[in-house]
Amino acid sequence: MESFITFFTRILGQYLSKESIVFILSIMPIIELRGGLIAASLLKIPYVQALCLAIIGNILPIPFVLFFFSKAVSFLEKFTYTKPLAHWFRKKVDAHRESVEKYDFWGLVLFVGIPLPGTGAWTGAMVAALLKMNRKKSLLAIFLGLVLASCIMSLLSYGLLAAIFS
């Protein structure tokens with residue numbers, strides 16, 4: 001992921017501001033807030049500004065995912081060519097179903113907040129949508145998870161990485 005972030009910042013840095021790059025990276029699935037904060041630290045953006053850009057960028061698409069993802073998957077299941085993709089999404093959600101359902105709200109907070117591969121706000125919203133969790137409660141859990149992830153990633157990107165690259 002770091003090589004993608006470096007590539008992305010180098011290429012888009014010719015056309016966009018540093019802040020725009022952080023915001024765009026934070027919106028992207030898989031990269032999300034984690035990648036945005038890493039890029040921000042590499043681009044030497046002040047911490048508070050970077051944190052705001054990354055959180056806003058990461059939370060912005062989440063209501064749309066919560067409201068429309070389940071409908072999109074159901075739509076994809078109707079067609080022969082897209083059915084495997086829909087089943088892949090359902091299989092991914094089923095892999096996380098037990099841990100999220102067991103702890104409900106706090107399970108979703110931890111799922112989004114602990115920065116591991118395959119977790120994050122996008123995946124958390126997909127899981128919540130397909131499990132038909134309460135949308136308002138899910139949005140709050142995802143936001144709290146982003147706050148937790150931002151604390152962890154801030155320590156890593158602005159603490160550890162800053163110490164290494166300074």
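**Exercise 1. R90 and its partner**

Task: Classify R90 by its relative accessible area of 27%, then find its salt-bridge partner in this predicted model.

Solution:
- Step 1. Buried means under 20% and exposed means over 50%. R90 has a relative accessible area of 27%, so R90 is partly exposed.
- Step 2. Look for the partner. R90 forms a salt bridge with E77. Their closest N and O atoms are 2.7 Å apart.
- Step 3. Locate both ends. R90 lies in helix 6, while E77 sits in the loop between helix 5 and helix 6, so the pair ties together parts that are 13 residues apart in sequence.
- Step 4. Classify the partner too. E77 has 22% relative accessibility, so E77 counts as partly exposed.

**Exercise 2. Confidence along the chain**

Task: Which element has the lowest mean pLDDT, and which the highest?

Solution:
- Step 1. Start with the whole chain. Its mean pLDDT is 88. Of its residues, 95% reach 70 or more.
- Step 2. Go to the elements. Helix 1 (residues 2-12) has the lowest mean, 77. Helix 5 (residues 62-76) has the highest, 95.
- Step 3. Add a reading rule. Where pLDDT is low, predicted coordinates should not be read in detail.

**Exercise 3. Two helices in contact**

Task: How do helix 6 and helix 7 pack, and which residues meet?

Solution:
- Step 1. Take the geometry. Helix 6 (residues 83-113) and helix 7 (residues 121-130) pack at an angle of about 100 degrees. Their axes are 8 Å apart.
- Step 2. Name the arrangement. Angles from 65 to 115 degrees count as roughly perpendicular. That is why helix 6 is roughly perpendicular to helix 7.
- Step 3. List the helix 6 side. The residues there are F89, R90, V93, H96, V100, L108, F111 and V112.
- Step 4. List the helix 7 side. They meet A121, T123, G124, M126, V127, A128 and L130.
- Step 5. Sort the contact residues by type. The contact holds 11 nonpolar residues, three polar and one charged.

**Exercise 4. More salt bridges**

Task: How many salt bridges does the structure hold, and where do R97, E101, D104 and K137 fit in?

Solution:
- Step 1. Give the total. The structure holds four salt bridges.
- Step 2. Take R97 and E101. Their side chains meet in a salt bridge, with N to O at 3.4 Å. Both are in helix 6, four residues apart, which means about one helical turn separates them.
- Step 3. Check their exposure. R97 is partly exposed at 31% relative accessibility. E101 is partly exposed at 46%.
- Step 4. Take D104 and K137. Their side chains also meet in a salt bridge, with N to O at 2.7 Å. D104 lies in helix 6 and K137 in helix 8 (residues 135-165), so this pair ties together parts that are 33 residues apart in sequence.
- Step 5. Check this pair as well. D104 is partly exposed at 32% relative accessibility. K137 is partly exposed at 37%.
- Step 6. Look for shared partners. Salt bridges with partners in common join D94, R97 and E101 into one network.

**Exercise 5. Positive phi**

Task: Where are I30 and D104, and what is the phi of each?

Solution:
- Step 1. Recall the background. Most residues other than glycine have a negative phi.
- Step 2. Take I30. Its phi is positive, about 75 degrees, although I30 is not a glycine. I30 is found in the loop between helix 2 (18-27) and helix 3 (32-42). Its relative accessible area is 70%, so I30 is exposed.
- Step 3. Take D104. Its phi is positive, about 50 degrees, and D104 is not a glycine either. D104 is placed in helix 6.

**Exercise 6. Apart in sequence, apart in space**

Task: How many residues separate G118 from K92, and L140 from F105, in sequence?

Solution:
- Step 1. Place G118. It is in the loop between helix 6 and helix 7. At 47% relative accessibility, G118 counts as partly exposed.
- Step 2. Give its separation from K92. The two are 26 residues apart in sequence and 9.3 Å apart in space, C-alpha to C-alpha.
- Step 3. Find what G118 touches. Leaving out residues up to four places away in sequence, G118 touches H96, F111 and T123.
- Step 4. Place L140. It is in helix 8, and L140 counts as partly exposed at 45% relative accessibility.
- Step 5. Give its separation from F105. L140 and F105 are 35 residues apart in sequence and 8.7 Å apart in space, C-alpha to C-alpha.

Notes: Residues are numbered from 1 along each chain as its sequence is written. This is a predicted model: local features need pLDDT of at least 70, side-chain atom pairs count only at pLDDT 80 or more; totals for chains, interfaces and linings use all residues. Side-chain values use heavy atoms; hydrogens and water are left out. pLDDT is the predictor's confidence in each residue, from 0 to 100. Axes are lines fitted to C-alpha atoms, for helices over the stretch in contact, and angles run from 0 to 180 degrees between N-to-C directions. Angles under 35 degrees count as roughly parallel, over 145 as roughly antiparallel, 65 to 115 as roughly perpendicular and the rest as oblique. Contact means heavy atoms within 4.5 Å. Ala, Val, Leu, Ile, Met, Phe, Trp, Tyr, Cys and Pro count as nonpolar, Asp, Glu, Lys and Arg as charged, and the others, Gly among them, as polar. Buried means under 20% relative accessible area, exposed over 50%, partly exposed in between (1.4 Å probe, protein chains only).
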